[in-house]
Protein chains: 2
Amino acid sequence: MRFGVNYTPSGDWFFSWLDFSPERVARDLDRIAELGVDHVRIFPLWPVIQPNRSLIRSAGIDDVVTVVDLARSAGLDVNVDALQGHLSSFDFVPSWLQTWHRRNLFTDEQVVTSTERYVHALTTAVAGRDNLMGVTVGNEVNQFAHDPHPDPYRIHETEGDTWLRRMIAAIRAGLRDGGAAPSVLATLAQYDAAWYDDAQPFGPRQAAEHGDATVVHSWVFNGAAAVHGPLGAGSVRHAEYLLTLAAAWSPDPARPSWLQEVGAPNNVLAVEQEPEFVERTLRHAMDVGELLGVTWWCSHDVPRTLADFPVFEHSLGLLDETGRLKPSGRRFAEVVADLRARRPAPRPASTAVVLDDIDATGSPVPGHRASCAPGGSFAGTWLRVAEETGRGPQVVLRSRYTAEHLHLRGITETVDLPA
Amino acid sequence: MRFGVNYTPSGDWFFSWLDFSPERVARDLDRIAELGVDHVRIFPLWPVIQPNRSLIRSAGIDDVVTVVDLARSAGLDVNVDALQGHLSSFDFVPSWLQTWHRRNLFTDEQVVTSTERYVHALTTAVAGRDNLMGVTVGNEVNQFAHDPHPDPYRIHETEGDTWLRRMIAAIRAGLRDGGAAPSVLATLAQYDAAWYDDAQPFGPRQAAEHGDATVVHSWVFNGAAAVHGPLGAGSVRHAEYLLTLAAAWSPDPARPSWLQEVGAPNNVLAVEQEPEFVERTLRHAMDVGELLGVTWWCSHDVPRTLADFPVFEHSLGLLDETGRLKPSGRRFAEVVADLRARRPAPRPASTAVVLDDIDATGSPVPGHRASCAPGGSFAGTWLRVAEETGRGPQVVLRSRYTAEHLHLRGITETVDLPA
């Protein structure tokens, strides 16, 4: 089980790539290592490294490699996300994709070829580092593919598949060309609309079928905290719940999942509730089978001197903006230490709730993703079973419901939704 | 009379701000100085210096100051443009103005206040340099205010005035706070739709009333070359023509004008026509009164290795991408040397064509700007008089037509358009 944090640099946040300071990064990583984590996830800014479609700045790539090496010195592995893209409400889109040069990020052949080149170059550069944990296509790139993004590059689901195949292939080629170990992960990261919004072209199937692990990002400001209260079961089990959904959609019961982002946002949680939220979220997630790791969002608070962030971004850190441990960080470190010392083997529940993705005739059920969203009928049933049995149930898709499938996943009892 | 060039850095064009190399800039500026020019116009990238609304990177400012100092070593003065903004088809817009953070660039109070801070900080930093020629609000910022920009921040004309007043005031405050000489110019730069498109919120009045000089940018791909042929009078006199329009709109006959951009674009000109275009354009412009200078676009060709530029951008340089003198550059240098040695005093024509901006009842005439565009009725008359008399006529607005006004401007004969 891996425990890590998403690295939000102290000082000037990700704008610090423009004033790259190895000393500052080393200091940040030392503070992070003191949390007892084994890895960080890092976020280059795409337009800074590839400011022109045909220009990949070697100095920009070098800075990323330097962070990986500094992390090694701090005893940390690193996951590199390539396409940022989207970070904490800000979109970093290169000028060659904007206004007069606007073309579809996902389907324009020149754009996709050039994006592959960037992903490949970045991956190749870090591939040989023995502390490389993995490379992710980019942070929640699916946000750009549909509403409510204010300026989406609209695509069909099959176009999303094609794009993801190419990006994962670019990562794998880079890993191979750079001499990475076979264990290094190629992944994609989606925000939770993939699981909850039937209109999204990037959905659960994409999350579960592309790359080496199914990534989930859990944010209780998505309605969970509003419906269930900030420390209600539907909030502190939200990450666990997403992981059980991830397992349901996986074509392979052995496919690992990764809770790559989860945080305690102060727009729905009081500061004094954070430590308990941290602990309960972590412990609930541990019950899920095939979980490879948890990566908390985030390391450092965004300084309040920076403008226009959603206000909760200034308090998501386990460390404050100067690197001092916060109460949520202390609890995180304690729970991680405890789980490292004596985590029981995960025992996925033998009970599963059935998600009706198809009906009796085999036709897709409209709105089945929406039923999974916080407050939805499926989510409500899952949560009721979780609270009645004291364990988050597994999830089984109606379309995969066979005796063999249930057996493989250790499911001995299934619960249907009330008609 | 000032002669200069717009400095397009060799190598990685303006992306080179991300890999700032004083050595490379010094080499470029030495090549530029060999053209016999006395100044360059330089273009920081706004999102690189102000990546967050509240973050103005001191290292970014320092790089701009370094360019100014390197220019001094090369014997060159410098005009600094602040808001880029728009450059050669690419828009560089900070993430804090995009997508989720989109707000009106010109009217949102937080945005305008923060833009003022940027303009003021940049200006203050360079103000004390004795080779500072001026500061321009930004390159053709008016492009963002209306169609055909694909994503305009729409405003009314009065909002444009308010914004310009604030930006010019920010420059003047920066010049004062940084100890600039009184001769340093505060200017705004507009692309020619201001003069030719009646719907633009930034128009001739804004060009002629804000700042210390009226700036014109002359590009014959705007229709002039198509209507008149690349070396036709309407093309090689296009810059001169814009300057006479600028003088017409000026509330003060003594207000200087500045041909801040003019170039020989290969989408409408053959390479072998460039030297003649350069020479005729320069010589025609010299006849205009109160012209303070000509700044050619541009110094260095955009390397062909960079993608997605309009194809003519790769050949606009007086120098090629390695800094070698091109035939157009040689002719430019020769003509500049000749004009420096023996330019006759400009003698604005005593004939003026009357532009009917108002009708007999004093009401604004719809479409009077369009009549000024290449191929328009006013432009045609101006050109006919120019060719008949051998000199570009002055322009007088109907709304300013008084005996005193004509006298002040040395106009003894006026030509009305055919009814």
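Modeller: A crossing of two helices is left-handed if the near helix is turned anticlockwise from the far one by less than a right angle, and right-handed if clockwise. Please note that this is a predicted model.

Biologist: Then how does α10(B) pass α13(B)?

Modeller: The crossing of α10(B) with α13(B) is right-handed.

Biologist: At roughly what angle do the axes of α10(B) and α13(B) cross?

Modeller: Roughly 110 degrees, and the two axes come within 12 Å. Angles from 65 to 115 degrees count as roughly perpendicular, so α10(B) and α13(B) are roughly perpendicular to each other.

Biologist: Which residues meet there?

Modeller: From α10(B), B:Glu240, B:Tyr241, B:Thr244 and B:Leu245 take part, and they meet B:Phe378, B:Ala379 and B:Trp382 of α13(B). By class, five residues of this contact are nonpolar, one is polar and one is charged.

Biologist: Changing chain, are α11(A) and α12(A) roughly parallel or roughly perpendicular?

Modeller: Their axes cross at roughly 25 degrees and come within 8 Å. That angle makes α11(A) roughly parallel to α12(A), because the cut-off for this class is under 35 degrees. The crossing is right-handed here.

Biologist: Which residues meet in that contact?

Modeller: On the α11(A) side they include A:Pro275, A:Val278, A:Leu282 and A:Met286. Among those of α12(A) are A:Phe332, A:Val335, A:Val336 and A:Leu339. The contact has nine nonpolar residues, one polar residue and six charged residues.

Biologist: Back to chain B: what should the helix α11 span?

Modeller: Its 13 residues, 274-286, should span 18 Å at 1.5 Å a residue. The end C-alpha atoms of α11 of chain B are 19 Å apart, which agrees.

Biologist: Which residues of α11(B) are buried?

Modeller: They are B:Glu274, B:Pro275, B:Phe277, B:Val278, B:Thr281, B:Leu282, B:His284, B:Ala285 and B:Met286.

Biologist: And what covers the buried residues of α11(B)?

Modeller: The cover includes the chain B strands β1, β9 and β10, together with the helices α9, α10 and α12.

Biologist: One more topic: where does B:Gly203 lie?

Modeller: B:Gly203 is in the loop between α6 and α7 of chain B.

Biologist: Is B:Gly203 buried or exposed?

Modeller: B:Gly203 counts as buried because its relative accessibility is 0%, and the cut-off is under 20%.

Biologist: What does B:Gly203 touch?

Modeller: Leaving aside residues up to four places away in sequence, B:Gly203 touches B:Gln190, B:Ala194 and B:Arg369.

Biologist: How are the C-alpha atoms of B:Gly203 and B:Leu105 separated?

Modeller: They are separated by 18 Å, and the two residues are 98 residues apart along the chain.

Definitions and conventions. Residues numbered from 1 in each chain as written. Chains lettered and ligands numbered in written order. Predicted model: local features only at pLDDT ≥ 70, side-chain atom pairs only at ≥ 80, totals over all residues. Heavy atoms only, no water. Helix = DSSP H or I, 4+ residues; strand = E, 2+ residues; numbered from the N terminus. Expected span 1.5 Å × (residues − 1). Buried < 20%, exposed > 50% of the residue type's maximum accessible area, 1.4 Å probe, protein only. Contact = heavy atoms within 4.5 Å. Axes fitted to C-alpha atoms, helices over the stretch in contact; angles between N-to-C directions. Parallel < 35°, antiparallel > 145°, perpendicular 65-115°, else oblique. Nonpolar A, V, L, I, M, F, W, Y, C, P; charged D, E, K, R; others polar.
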